[in-house]
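Colleague: I have a model open and would like to learn how to read its features one at a time. Could you walk me through it?

Modeller: Gladly; let us bring it up on screen.

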Amino acid sequence: MALPEDLLDRLRDARRLGYALPSDLEMIVGELVRLRSEIEKIKKALEKHGIKVD
């Protein structure tokens, strides 16, 4: 799922953070879940090479 082109601009503009649409929150949460998954994959790969990461 691609992010709307203006989502990042809206998040950067602190004056406009008074509200968030449910669809925006859903995309942000989905992205966080994907990033967490990638972090876990990186940790496992590092552990395979003997590098322990917290």
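Modeller: Let us start with what counts as a helix here: a DSSP run of H or I with at least four residues, numbered from the N terminus. Keep in mind that this is a predicted model. With that in hand, take Glu31 and Arg34: both lie in helix α2, three residues apart, which is about one turn of the helix.

Colleague: How many helices and strands does the protein have?

Modeller: Two helices and zero strands. Helix α1 covers residues 7-12, and helix α2 runs over residues 22-48.

Colleague: What span should α2 have, and how far apart are its end C-alpha atoms?

Modeller: The general idea is to multiply 1.5 Å by one less than the number of residues. For the 27 residues of α2 that gives an expected 39 Å, and the end C-alpha atoms are 39 Å apart, so the two agree. Just past the helix, look at Gly50, which follows α2 and has a positive phi, near 85°.

Colleague: Next, burial. What share of the 54 residues counts as buried?

Modeller: The cut-off to hold in mind is that buried means under 20% relative accessible area, exposed means over 50%, and partly exposed lies in between. By that rule, 11% of the 54 residues of the protein count as buried. As for the surface, the accessible area comes to about 4,900 Å², and carbon and sulfur atoms account for 60% of it.

Colleague: Which residues of α2 are buried?

Modeller: Asp24, Met27, Gly30 and Lys43. What covers the buried residues of α2 includes α1.

Colleague: Asp24 caught my eye. Why does Asp24 count as buried?

Modeller: Its relative accessibility is 8%, so Asp24 falls under the 20% cut-off. Then ask what touches it: setting aside residues up to four places away in sequence, Asp24 is in contact with Leu7 and Arg10.

Colleague: Is Arg10 buried or exposed?

Modeller: Arg10 is buried, because its relative accessible area is 18%. Arg10 sits in helix α1, whereas its contact Asp24 belongs to α2. You can also follow the chain onward from Arg10: Ala20 is ten residues along, and the two C-alpha atoms are separated by 9.5 Å.

Colleague: What are the sequence and space separations of Ile28 and Leu7?

Modeller: They are 21 residues apart in sequence, and their C-alpha atoms are 9.6 Å apart in space. Ile28 lies in α2 and is partly exposed, with a relative accessible area of 28%.

Colleague: Now the charged side chains. How many salt bridges does the structure hold?

Modeller: The general idea is that side chains of opposite charge can pair when their charged atoms come close. This structure holds four salt bridges. One of them joins the side chains of Glu31 and Arg34, with 3.1 Å from N to O.

Colleague: What are the relative accessibilities of Glu31 and Arg34?

Modeller: Glu31 is at 29%, so Glu31 counts as partly exposed. Arg34 is at 40%, so Arg34 is partly exposed too.

Colleague: How far apart are Lys41 and Glu38 in helix α2?

Modeller: They are three residues apart, which means a separation of about one helical turn. Their side chains meet in a salt bridge at 3.4 Å, N to O. Glu38 has 40% relative accessibility and therefore counts as partly exposed.

Colleague: And which network of salt bridges includes Lys43?

Modeller: Salt bridges link Arg36, Glu40 and Lys43 in a network. Within it, the side chains of Lys43 and Glu40 meet at 4.0 Å, N to O. Lys43 and Glu40 are three residues apart in α2, so about one helical turn separates them.

Colleague: Is Lys43 buried or exposed?

Modeller: Buried: Lys43 has 18% relative accessibility. Its partner Glu40 is partly exposed, at 29%. Leaving aside neighbours within four places in sequence, Lys43 is in contact with Val53 and Asp54.

Colleague: Thanks, that gives me a route through the model.

Technical notes. Residues numbered from 1 in each chain as written. Predicted model: local features only at pLDDT ≥ 70, side-chain atom pairs only at ≥ 80, totals over all residues. Heavy atoms only, no water. Buried < 20%, exposed > 50% of the residue type's maximum accessible area, 1.4 Å probe, protein only. Contact = heavy atoms within 4.5 Å. Areas by Shrake-Rupley, 256 points an atom, 1.4 Å probe, with all protein chains shown as cover.
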